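Thank you all for coming, and please have the sequence and the structure open while I talk. I will begin with charged pairs, then turn to a pair of helices, and finish with a few single residues.

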Amino acid sequence: MNKQANEINVSIGTRIIAFLWDYVIIAGYIVFLIGVSYLIRPLLIPLFTTDPILAEVTGFLFITLPVYLYFALCEGSASHATWGKRKMGIVVTGIHGQSIGLGSSLFRSALKFVPWELAHFTVWHMVIPTNYSDSFYYSLLGTVYGLALLYLISPLWSKNRQTLYDYISGTVIRYKDKD
């Protein structure tokens, strides 16, 4: 194992670039969804205009769940990395370098996407009128922004440059071992 593979301290910049590479795949999927949505628009309109819970569940099934599964399945696989992480030579492991497995990867990814899904929930309830107060929406949005900020800055104070969701799930980003 080379010295770099033992290092936990993958820079935030490297992680961001890896995510940007992954975002190429996500953006491609979104473009695909947009194309399909034009073809089945009459079927989709009631799903996104009648009830905020129905809109949330539909959005979750078509957008969040596939993206969540992309991260969880790739990082829980034998490669321990998404396409973007593989391009950057980094992997997701346990804190001691061990394989995390699918269960831990599913948990890690669920934590990672909490702010994203909470934002979707809030927006759908703001767009389609409900009985919740404005202060409820603002507190949810404050929670979303607070979590997102914590996720972004937590590697700055972590000894192992772990995000909050990495810390909670017992994972870390490392450089891949060069076989």
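Which residue forms a salt bridge with E75, and how far apart are the closest N and O atoms? The partner is K85, and the closest N and O atoms of the two residues are 2.7 Å apart. Before I go further, please keep in mind that what you are looking at is a predicted model.

Let me place that pair in the chain. E75 belongs to helix 4, which covers residues 52-75, while K85 belongs to helix 5, residues 83-88, so the salt bridge ties together parts that lie 10 residues apart in sequence. As for burial, the cut-off to remember is that a residue counts as buried under 20% relative accessible area. E75 has a relative accessible area of 0% and is therefore buried, and K85, at 8%, counts as buried because it too falls under that cut-off.

K85 also has other neighbours that you may want to find on the screen. Leaving aside residues up to four places away in sequence, K85 touches A18, D22, F71, E75, I90, V92, K112 and I173, so please note that its salt-bridge partner E75 appears in that list, as the rule that a contact means heavy atoms within 4.5 Å would lead us to expect for a pair at 2.7 Å.

The next two salt bridges have a residue in common, namely D166. The side chains of R15 and D166 meet in a salt bridge, with 2.9 Å from N to O. That pair links distant parts of the chain, since R15 sits in helix 2, residues 12-39, and D166 in helix 9, residues 164-169, with their positions 151 residues apart in the sequence. Both R15 and D166 are buried.

R108 forms a salt bridge with D166 as well, and here the closest N and O atoms are 2.6 Å apart. This pair, too, links distant parts of the chain, with R108 in helix 6, residues 101-112, and D166 in helix 9, 58 residues apart. R108 counts as buried at 0% relative accessibility, and D166 is likewise buried, with a relative accessible area of 0%.

How do these pairs fit together? Salt bridges that share partners join R15, E75, K85, R108, K112 and D166 into one network, and the count of salt bridges comes to five.

Let me now move to the helix pair. The axes of helix 4 and helix 7, the latter covering residues 114-127, come within 9 Å and cross at roughly 150 degrees. Angles over 145 degrees count as roughly antiparallel, and helix 4 and helix 7 are therefore roughly antiparallel to each other. In passing helix 7, helix 4 makes a right-handed crossing.

If you would like to see which residues meet there, look in helix 4 for P52, I53, A55, E56, F60, I63, T64 and V67, and in helix 7 for W116, E117, H120, F121, W124 and H125. By class, the contact between helix 4 and helix 7 has nine nonpolar, three polar and two charged residues.

L54 is also in helix 4, and it is partly exposed, with a relative accessible area of 34%. The residues that L54 touches, not counting those up to four places away in sequence, are P46 and L47. The C-alpha atoms of L54 and W124 are separated by 9.4 Å, and these two residues are 70 residues apart along the chain.

Finally, a few positions outside the helices. H80 is found in the loop between helix 4 and helix 5, where it has a positive phi of about 55 degrees although it is not a glycine, and with a relative accessible area of 18% H80 is buried. R161, in the loop between helix 8, residues 134-157, and helix 9, also has a positive phi of about 55 degrees without being a glycine, but R161 is partly exposed, with a relative accessible area of 32%.

The last residue is D177, which is placed in the segment after strand 2, residues 171-175. D177 counts as partly exposed at 27% relative accessibility, and its C-alpha atom is separated by 24 Å from that of Y23, 154 residues away along the chain.

Methods:
Residues numbered from 1 in each chain as written. Predicted model: local features only at pLDDT ≥ 70, side-chain atom pairs only at ≥ 80, totals over all residues. Heavy atoms only, no water. Salt bridge = Lys/Arg side-chain N within 4 Å of Asp/Glu carboxyl O. Helix = DSSP H or I, 4+ residues; strand = E, 2+ residues; numbered from the N terminus. Buried < 20%, exposed > 50% of the residue type's maximum accessible area, 1.4 Å probe, protein only. Axes fitted to C-alpha atoms, helices over the stretch in contact; angles between N-to-C directions. Parallel < 35°, antiparallel > 145°, perpendicular 65-115°, else oblique. Left-handed = near helix turned anticlockwise from the far one by under 90°. Nonpolar A, V, L, I, M, F, W, Y, C, P; charged D, E, K, R; others polar.
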